[in-house]
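This briefing covers the sheet, two of the helices and a set of side-chain pairs. Please keep the structure in view while reading.

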Amino acid sequence: MREAGILLHISSLDGRDNIGTLSDGYEFIDFLKRAGQKYWQILPINPTSYKDSPYQGVSVYAYNPYFISFDFLINMGLLSYNDLKGYKTRKKIDYGYLFDNKVKVLKKAYANKSLVEDEYKKFLKQNKHWVNDYAAFMVLKELNDFRPWYLWSDDYKYRNSDALKKLIKDNFINYDSYRFIQYLFYSEYSYLKDYAKANKIKIIGDMPIYVAYDSVDVWVNPQMFLLNEKLEMDYVAGCPPDDFSSYGQLWGNPLYDWEYMKKHDYDFWVKRIKHSQKLFDVIRIDHFRGFAGYYMIPNGKEPKDGFWHDGPRMDLFKVIKEKTKAKIIAENLGFLTKDVYKLLEDTGYPGMHVTQFEFGPDLAFKDDFKKNNVIYTSTHDNQTIRSFYLNSDKKLIKSVVHISRKPYLDLISATLKKSPSLAIIPFSDYIGSLERMNEPSTSDGNWVYRIKKNELNDNLANTIYKLTKESKR
């Protein structure tokens with residue numbers, strides 16, 4: 001079956017808050033249905049940390065509180081409009097304002113938790129393997145002026161059990177309010193996911209391969225990462241210089257201790273994927289090539305100083321396939337070697353093609369691709385398809401794609417007509433935007449792209465519907 005979907009993160013939805021929220025997703029699902037789409041792809045939904053990248057979350061299990069809708073909480077009776085006094089709304093995403101203000105308002109809902117006591121207790125029971133550690137982590141963050149865990153006092157850095165018990169006892173209301181906020185997200189998201197299912201829209205979630213150094217996951221399980229006896233990183237994750245970045249990429253994430261994980265039957269990954277299966281219909285795993293071979297950069301050095309090391313390969317995915325049965329898309333972009341292609345073939349997972357990458361020296365776009373794969377015009381890390389056209393050799397593009405109307409729509413049409421059974425087009429490409437979501441290797445001005453409500457109009461829905469049907473999707 002040939003199907004299509006749209007990539008747009010929750011943060012980019014339009015609404016009354018300073019950022020897109022879950023309640024804004026209903027209108028977008030309606031739009032997807034009118035446009036003949038079957039999938040909605042989003043970026044990671046974990047709480048973000050420094051520089052607000054969804055790929056640097058503070059927990060692989062927790063949810064971003066910024067996406068909780070005040071309207072949802074008011075309708076539930078957990079907040080009142082008086083609770084929002086002084087909270088300002090902006091059209092442009094302001095992460096600094098959200099950091100300083102949104103969680104403070106959400107904590108006010110805790111005073112009314114008795115209204116959902118039974119459901120809340122059920123949530124705590126089902127999520128005890130992560131939510132208690134997350135709440136303790138956030139309380140300690142507050143008490144330490146949001147400094148990273150590795151700069152806390154030894155009692156907390158090394159998780160002294162007596163010290164943690166006393167911390168929770170002395171700060172129980174704040175600790176429990178952080179757990180309650182996680183329940184609020186999960187509750188609201190469950191309604192939205194049910195609405196998507198009722199409208200036959202499947203959600204593709206995004207899973208970063210790595211976790212942030214300053215995360216609950218590393219704090220709770222340092223033994224699973226390549227850290228020294230002081231819990232410091234001798235090596236960090238990244239990518240070498242390539243055609244897309246002459247410097248390379250220095251992500252700074254800790255690397256996994258794959259030998260330790262193997263001894264424990266890859267339990268960390270099994271639990272992580274099972275958790276994501278509750279949220280998403282399909283899981284896209286970012287930087288899939290890191291499972292075949294990962295790049296190690298000595299801490300404090302540049303990407304050019306790094307080297308490759310063998311990953312867990314099929315040894316990991318045999319366990320994942322046996323224990324989860326998850327539907328997975330492998331993000332197999334970047335520097336690819338034979339071991340990556342073999343791993344992709346052995347897993348049977350669909351890989352990715354990005355139209356603008358297929359106009360390289362070999363002009364691969366003139367050829368066709370495997371039906372099993374997923375094709376995109378661009379991703380959150382690339383320039384938009386219109387920007388690509390404006391900055392490329394137009395004669396070269398026209399030698400492969402018939403340009404007769406708006407060039408970005410012709411490129412989308414040509415992408416949709418390719419063989420891969422699933423095509424995902426970013427919303428920004430459909431509207432011919434030049435504004436991109438993220439520019440890798442830069443730290444400012446990213447993750448703030450936001451659509452306008454009037455862009456979800458019938459004319460655009462009809463255009464997308466027509467393009468989709470013309471491509472027999």
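A residue counts as buried when its relative accessible area is under 20%. The model described here is predicted. Its strands include 8 that form an open sheet with parallel pairing, and its rings form 53 aromatic pairs.

**Sheet**

- The strand order in the open sheet is β9-β6-β3-β2-β1-β12-β11-β10.
- The edge positions belong to β9 (328–330) and β10 (352–354); each has a single partner strand, so one side of each has no neighbour in the sheet.
- From one strand to the next, the twist averages 25°.
- Strand β1 (residues 3–7) runs parallel to strand β12 (residues 422–426), and 5 bridges join the two.
- Within this pairing, Gly5 has Ile424 of β12 as its bridge partner.
- Helix α1 (residues 25–34) packs on the sheet and touches both β1 and β2 (39–41). The direction of α1 makes about 135° with that of β2.

**Helix α12**

- Helix α12 spans residues 314–324, and its buried residues are Met314, Leu316, Phe317, Val319, Ile320 and Thr324.
- Among the elements that cover these buried residues are α10 (258–263), α11 (267–279), β9 and α13 (338–347).
- Lys325 follows α12 and has a positive phi, near 60°.

**Aromatic pairs**

- The structure holds 53 aromatic pairs, and one of them is formed by Tyr66 and Tyr95.
- The ring centres of Tyr66 and Tyr95 are 6.5 Å apart and the planes are at 40°, so this pair is tilted.
- Tyr66 is in the loop between β2 and α2 (70–75), while Tyr95 is in helix α3 (residues 95–108); the pair therefore ties together parts that are 29 residues apart in sequence.
- Both Tyr66 and Tyr95 are buried.
- Tyr189 and Phe280 form an edge-to-face pair, with 6.4 Å from centre to centre and 80° between the planes.
- This pair links distant parts of the chain, 91 residues apart: Tyr189 is in helix α8 (residues 172–198) and Phe280 in the loop between α11 and β6 (282–285).
- Tyr189 has 2% relative accessibility and so counts as buried.
- Phe280, with a relative accessible area of 8%, is buried as well.

**Charges over rings**

- Which ring lies under the charged end of Arg90? That of Tyr97, whose centre is 4.4 Å away.
- The charged end of Lys102 sits over the ring of Phe70, at 4.8 Å from the ring centre.

Key. Residues are numbered from 1 along each chain as its sequence is written. This is a predicted model: local features need pLDDT of at least 70, side-chain atom pairs count only at pLDDT 80 or more; totals for chains, interfaces and linings use all residues. Side-chain values use heavy atoms; hydrogens and water are left out. Two strands pair if DSSP finds at least two bridges between them. Helices (H or I, at least four residues) and strands (E, at least two) are DSSP runs, numbered from the N terminus. Axes are lines fitted to C-alpha atoms, for helices over the stretch in contact, and angles run from 0 to 180 degrees between N-to-C directions. Contact means heavy atoms within 4.5 Å. Buried means under 20% relative accessible area, exposed over 50%, partly exposed in between (1.4 Å probe, protein chains only). Rings of Phe, Tyr and Trp (its six-membered ring) pair if their centres lie within 6.5 Å; planes under 30 degrees apart count as stacked, over 60 as edge-to-face and the rest as tilted. A charge sits over a ring if NZ of Lys or CZ of Arg is within 6 Å of the ring centre and within 35 degrees of the ring normal.
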